[in-house]
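Colleague: I would like to go through the charged pairs and the surface of this model. Please give the reasoning before each value.

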Amino acid sequence: MAQKPTPSTSVDLSGEKIHWKQDITYGAYLNLEGLLDCQSPRTSQHDEMLFITIHQASELWMKLCLHELAAAMEHLKADNLGPVFKMLSRVAKIQANLEQSWEILSTLTPADYAAFRDDLGQSSGFQSAQYREIEYRLGNKNAAMAEVHADNPVHYNKLQDVLNTPSFYDLSLQLLARRGFDIPTSVTDRKWRDAYVANEKVEAAWGKIYRNTEEFWDLYELAEKLVDLEHHFHLWRFAHMKTVERIIGYRRGTGGTAGVGYLVKALDLRFFPELWTTRTSI
């Protein structure tokens with residue numbers, strides 16, 4: 001009886017011996033079997049796979065954004081700005097990548113989308129808990145938006161926790177106060193779940209930093225990192241709005257939102273208002 005051949009544990013490729021028998025493989029480390037099994041189209045329409053892949057990939061990138069923001073906020077509390085700059089730069093780059101994802105989705109034509117849109121039911125990107133958490137972390141505290149997740153205790157409770165803690169911008173303003181700037185206690189010790197209201201003294205503080213960059217270089221760099229982050233966030237929102245306009249026009253969104261109309265309004269939202277208004281006065 002012929003012996004069963006022993007599988008080779010290595011192969012010679014261009015003079016390099018590559019070993020395949022390892023404690024952990026590329027696929028196992030990345031859990032690729034589970035990851036690649038997550039795309040489950042509800043129809044037989046060819047283009048639904050594109051729609052699913054874009055949105056799932058976006059959620060993965062948003063997960064990384066939250067990972068970076070959480071760590072950056074801890075460093076900010078400790079006045080350790082070096083890692084904060086690196087992490088904010090990374091988040092801005094992720095945002096740029098997310099902007100490009102809408103370019104791919106824009107290859108979906110109105111007819112392509114209409115072929116499977118009804119099978120999405122009431123599901124909508126508006127229901128993304130991670131997107132909402134990013135907005136809350138950065139400072140857009142709109143408590144009513146969390147109610148979308150009231151039927152999911154895990155998401156709802158997480159968002160309530162984030163609402164009730166200082167945002168990245170709140171922590172930045174606390175840092176300015178620790179550095180001796182005249183930041184009112186109504187700003188540094190407020191009800192965190194309430195929407196932030198722009199303050200003249202905060203604008204004056206940022207203005208002083210921008211007029212004396214050599215003296216306050218690290219705070220100036222923090223300000224520019226925040227502006228860069230919000231700039232990319234707005235580009236992401238704009239690309240989203242234009243892609244939706246291109247595909248469904250001004251029809252209502254699947255989740256019951258006003259579709260493009262809702263997205264246009266979102267373009268006016270600001271995370272760090274005084275960093276923009278101070279530019280006029282400098």
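Colleague: Is K77 buried, partly exposed or exposed?
Modeller: This is a predicted model. Buried means under 20% relative accessible area and exposed means over 50%. K77 has a relative accessibility of 48%, so the residue counts as partly exposed.

Colleague: Which residue forms a salt bridge with K77?
Modeller: The partner lies three residues away in helix α3 (residues 48–77), so about one helical turn separates the two. The closest N and O atoms of the pair are 3.1 Å apart. The partner of K77 is E74.

Colleague: How many residues apart are D79 and R178?
Modeller: The side chains of D79 and R178 meet in a salt bridge, at 2.5 Å from N to O. D79 sits in the loop between α3 and α4 (81–105), while R178 belongs to helix α8 (residues 168–178), and the distance along the chain is 99 residues.

Colleague: Is E133 buried or exposed?
Modeller: E133 forms a salt bridge with K158, with 3.4 Å between the closest N and O atoms. E133 is in helix α6 (residues 129–138) and K158 in helix α7 (residues 153–163), so the bridge ties together parts 25 residues apart in sequence. K158 has 37% relative accessibility and counts as partly exposed. For E133 the value is 9%, under the 20% limit, so E133 counts as buried.

Colleague: What accessible area does the nonpolar patch with I24 have?
Modeller: I24 is in the loop between β2 (16–19) and α1 (26–29), and is partly exposed at 47%. I24, Y26, Y29 and L30 form the patch on the surface, and together their accessible area is about 500 Å².

Terms used:
Residues are numbered from 1 along each chain as its sequence is written. This is a predicted model: local features need pLDDT of at least 70, side-chain atom pairs count only at pLDDT 80 or more; totals for chains, interfaces and linings use all residues. Side-chain values use heavy atoms; hydrogens and water are left out. Patches are made of residues with over 30% relative accessible area and no salt bridge: like charges are joined within 9 Å, nonpolar side chains (Val, Leu, Ile, Met, Phe, Trp, Tyr) within 5 Å. Accessible areas come from the Shrake-Rupley method with a 1.4 Å probe; for residues, only the protein chains shown count as cover. A salt bridge is a side-chain nitrogen of Lys or Arg within 4 Å of a carboxyl oxygen of Asp or Glu. Helices (H or I, at least four residues) and strands (E, at least two) are DSSP runs, numbered from the N terminus. Buried means under 20% relative accessible area, exposed over 50%, partly exposed in between (1.4 Å probe, protein chains only).
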